[in-house]
Amino acid sequence: MGYGELIIRSYEAQNDRARVEDLERRCEVGPAERMFLFTDTLGDPICRIKNSPIYNMLVAELDSLLVGVIQGSIKLVTVHKPTKDLARVGYILGLRVEPLYRRRGIGSSLVIKLEEWFIASDVDYAYMATEKDNEASFKLFVDKLSYIKFRTPAILVNPVSRRISRISSNFELAKLKIEEAESLYRKFMSSAEFFPIDIGNILRNKLSLGTWVAYPRGESWGHSGPNGGVPSSWAMLSVWNSGELFKLRLGNAPLSCLMYTKSSQLIEKFLPCFKFPAIPDFFRPFGFYFIYGVYREGPLSGKLVRTLCRFVHNMASKSNDCKVIVTEVEGSDTLRLHIPHWKLLSCPEDLWCIKALKNEERNRLHELTKTSPTRALFVDPREA
């Protein structure tokens, strides 16, 4: 490269923690020409991967300076392909390169090294997610490293206000025991794309706040899940408290956005009769709840999903830290129509890209990526 020897090695907490945190503070998430987010890892740079079954973090050093990091996790999930329904996948996240050292091949070198770790760990596919308009990320993974567009899920973001949402008296809500929730997910969502085989570990994690179901009032719910007495319509979802792991902060926002945020908060506080929802203060560090595992059945299931989302909003409104509720669904799934969200804050098309790491999987990748998403997409909260 002409800039000294680039060394890529595993992260060492004792020696690297402070330097990685400093790098994270200087690296924005998202295209710099628009608003972007800064991440505060709360003193734990591996916070976003440490709840995964297998994980690794690599750092890049150039002339003894830490100039880049990347993280990866490995798990067993369901996939939609003709020969088998399980695959070992590696997720790539947290790629950061020191702004002054970009466009020197450091990012691609980190990805290649992480792929080597995936291959040594018998991974079938590597995949990553990025903003649809992130040109730099697209060029790196798709144009240079041969990743292929896989899915374009929608990220739905709803702000949390102090105003309590009304819950319809026509529906019953119940919190499930972990064992019951696991049984339901394995029964009804185990065929969803990227459904994690270790769903029980997710539900038992301290960051998972619980799983709730909703069904019409007057109908019954079995103690061990829907059986002979399954309701005519029902819905379920789980909630993950991402704010316990890391905080976000908005940067590069135009003055008009700041003024709108402040004015909306004043209107909600002093003129509540207008019922104008305030935009939270995203310019200070904040946390968020992530809704995952949304499932529904029956003619009233859309209304039941909306009711559960309102319940989660009311739960979040009691938290001083949670400013938004986020969920991610397959872009073509009509489920998104029943999940409250603001278009201003949401992303209609997130971009998932995938790459086969084994020769026998490369021939199947075309069919996997070109097949229309006929099944629901399960987004693991550990990757939110």
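In what order do the seven strands of the open sheet run? I start there, and I should say at once that what we are looking at is a predicted model. The order is β1-β3-β4-β5-β6-β15-β7, and the pairing along this open sheet is mixed. At its edges sit β1, residues 6-10, and β7, residues 148-151, each of which pairs on one side only. If we ignore direction, neighbouring strands of the sheet are turned by 30° against each other on average.

Let me stay with the β1 edge for a moment, where β1 and β3 pair in the antiparallel sense over five bridges, and where Ile7 has Glu61 in β3 as its bridge partner. Helix α2, residues 106-120, packs on the sheet and touches β1, β3, β4, β5, β6 and β15, while its direction makes about 35° with that of β4.

Now to two loop residues. Asp44 lies in the loop between β2 and β3, and with a relative accessible area of 18% it counts as buried, because the cut-off for that word is under 20%. Setting aside neighbours within four places in sequence, Asp44 is in contact with Arg17, Glu21 and Lys50.

The second residue is His338, found in the loop between β14 and β15, and here the relative accessible area is 25%, so His338 is classed as partly exposed. Not counting residues up to four places away in sequence, His338 touches Arg296, Gly302, Val305 and Arg306. With Arg306, the C-alpha to C-alpha distance is 5.4 Å, although His338 and Arg306 are 32 residues apart in sequence.

Terms used:
Residues numbered from 1 in each chain as written. Predicted model: local features only at pLDDT ≥ 70, side-chain atom pairs only at ≥ 80, totals over all residues. Heavy atoms only, no water. Helix = DSSP H or I, 4+ residues; strand = E, 2+ residues; numbered from the N terminus. Buried < 20%, exposed > 50% of the residue type's maximum accessible area, 1.4 Å probe, protein only. Contact = heavy atoms within 4.5 Å. Pairing = 2+ DSSP bridges. Axes fitted to C-alpha atoms, helices over the stretch in contact; angles between N-to-C directions.
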